Amino acid sequence: QVQLVESGGGLVQAGGSLRLSCAASGRTFSNYAMGWFRQAPGQEREFVAAISWSGDYDYYADSVKGRFTTSRDNAKNSVYLQMNSLKPEDTAVYYCAARRSGFPALSVSYDRESAYQYWGQGTQVTVSS
């Protein structure tokens, strides 16, 4: 299995940037697709971004497209979410998640919580206006 530990959350002013990190451990980490989700107070958890196990494909929610970028470094067992041009509505607890290879394909399931088997503890991101 995969264990995930997140870091990098904090308080930032609107228009600023943060980079979240997710450190993973596990024998098959490089074969896991990774996703980012967030949950604001009183809201359901929503998809933010995802990246394939190879790093060749990534996906983004419309709300963050052009502002956020996810990447991975399998040699370091780490996944990152670079968040630029942050807005107050980005305030949420951010979670990283791991998905083992399987069916359905990532391309049609990347935005579904049920497609991911392992989750980090979450890290708070607060964007002030």
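Among contacts in the protein between residues at least 6 apart in sequence, 59% link residues at least 24 apart, where contact means heavy atoms within 4.5 Å. Keep in mind that this is a predicted model, where local features need pLDDT of at least 70, side-chain atom pairs count only at pLDDT 80 or more, and totals for chains, interfaces and linings use all residues. Residues are numbered from 1 along each chain as its sequence is written, and side-chain values use heavy atoms, with hydrogens and water left out.

**Overall picture**

You'll find 1 helix and 11 strands here, running along the sequence as β-β-β-β-β-β-β-β-β-α-β-β. Both kinds of element are DSSP runs numbered from the N terminus: helices are H or I over at least four residues, strands are E over at least two. The C-alpha atoms fit in a box of roughly 40 × 25 × 25 Å along the principal axes. A compact globule of 129 residues would have a radius of gyration near 14 Å, and the protein has 14 Å, so the two agree. That radius is taken over C-alpha atoms, and the globule rule is 2.2 Å times the number of residues to the power 0.38.

Buried residues make up 44% of the 129. Buried means under 20% relative accessible area, exposed over 50%, and partly exposed in between, using a 1.4 Å probe and protein chains only. The protein exposes about 6700 Å², with carbon and sulfur atoms supplying 45% of it; the areas come from the Shrake-Rupley method with a 1.4 Å probe, and for residues only the protein chains shown count as cover.

**Strand pairing**

Four strands make an open, antiparallel sheet in the order β1-β3-β8-β7. Its edges are β1 (3-7) and β7 (68-73), each pairing on one side only. Neighbouring strands in this sheet are turned by 15° against each other on average, direction ignored. Those angles run from 0 to 180 degrees between N-to-C directions, with axes as lines fitted to C-alpha atoms (for helices, over the stretch in contact). Two strands pair if DSSP finds at least two bridges between them. Here are three of the pairs:

| Strands | Sense | Bridges | Facing residues |
|---|---|---|---|
| β3 and β8 | antiparallel | 6 bridges | Cys22 and Val79 |
| β4 and β9 | antiparallel | 8 bridges | Trp36 and Cys96 |
| β4 and β5 | antiparallel | 5 bridges | Gly35 and Ala50 |

β4 is mostly covered, with 7 of its 8 residues buried. The hairpin of β4 and β5 has 6 residues between the strands, and Gly42 there takes a positive phi near 75°.

**The core**

The largest nonpolar core has 38 residues, and Leu4, Trp36, Leu81, Met83 and Tyr94 touch the most other members. Elements giving two or more residues to this core include β3, β4 (32-39), β8 and β9 (92-100). A core of this kind is a set of buried Ala, Val, Leu, Ile, Met, Phe, Trp, Tyr and Cys residues joined through side-chain atoms within 4.5 Å. Leaving aside neighbours within four places in sequence, Leu81 is in contact with ten residues' worth of company that includes Leu18, Trp36, Val48, Phe68 and Tyr94.

**Trp53**

Trp53 sits in the loop between β5 and β6. It counts as partly exposed because its relative accessibility is 44%. Beyond neighbours within four places in sequence, Trp53 is in contact with Ser30, Asn31, Tyr32, Ala33, Arg72, Asn74 and Ser101. The C-alpha atoms of Trp53 and Arg72 are separated by 8.6 Å, although the two residues are 19 apart along the chain.
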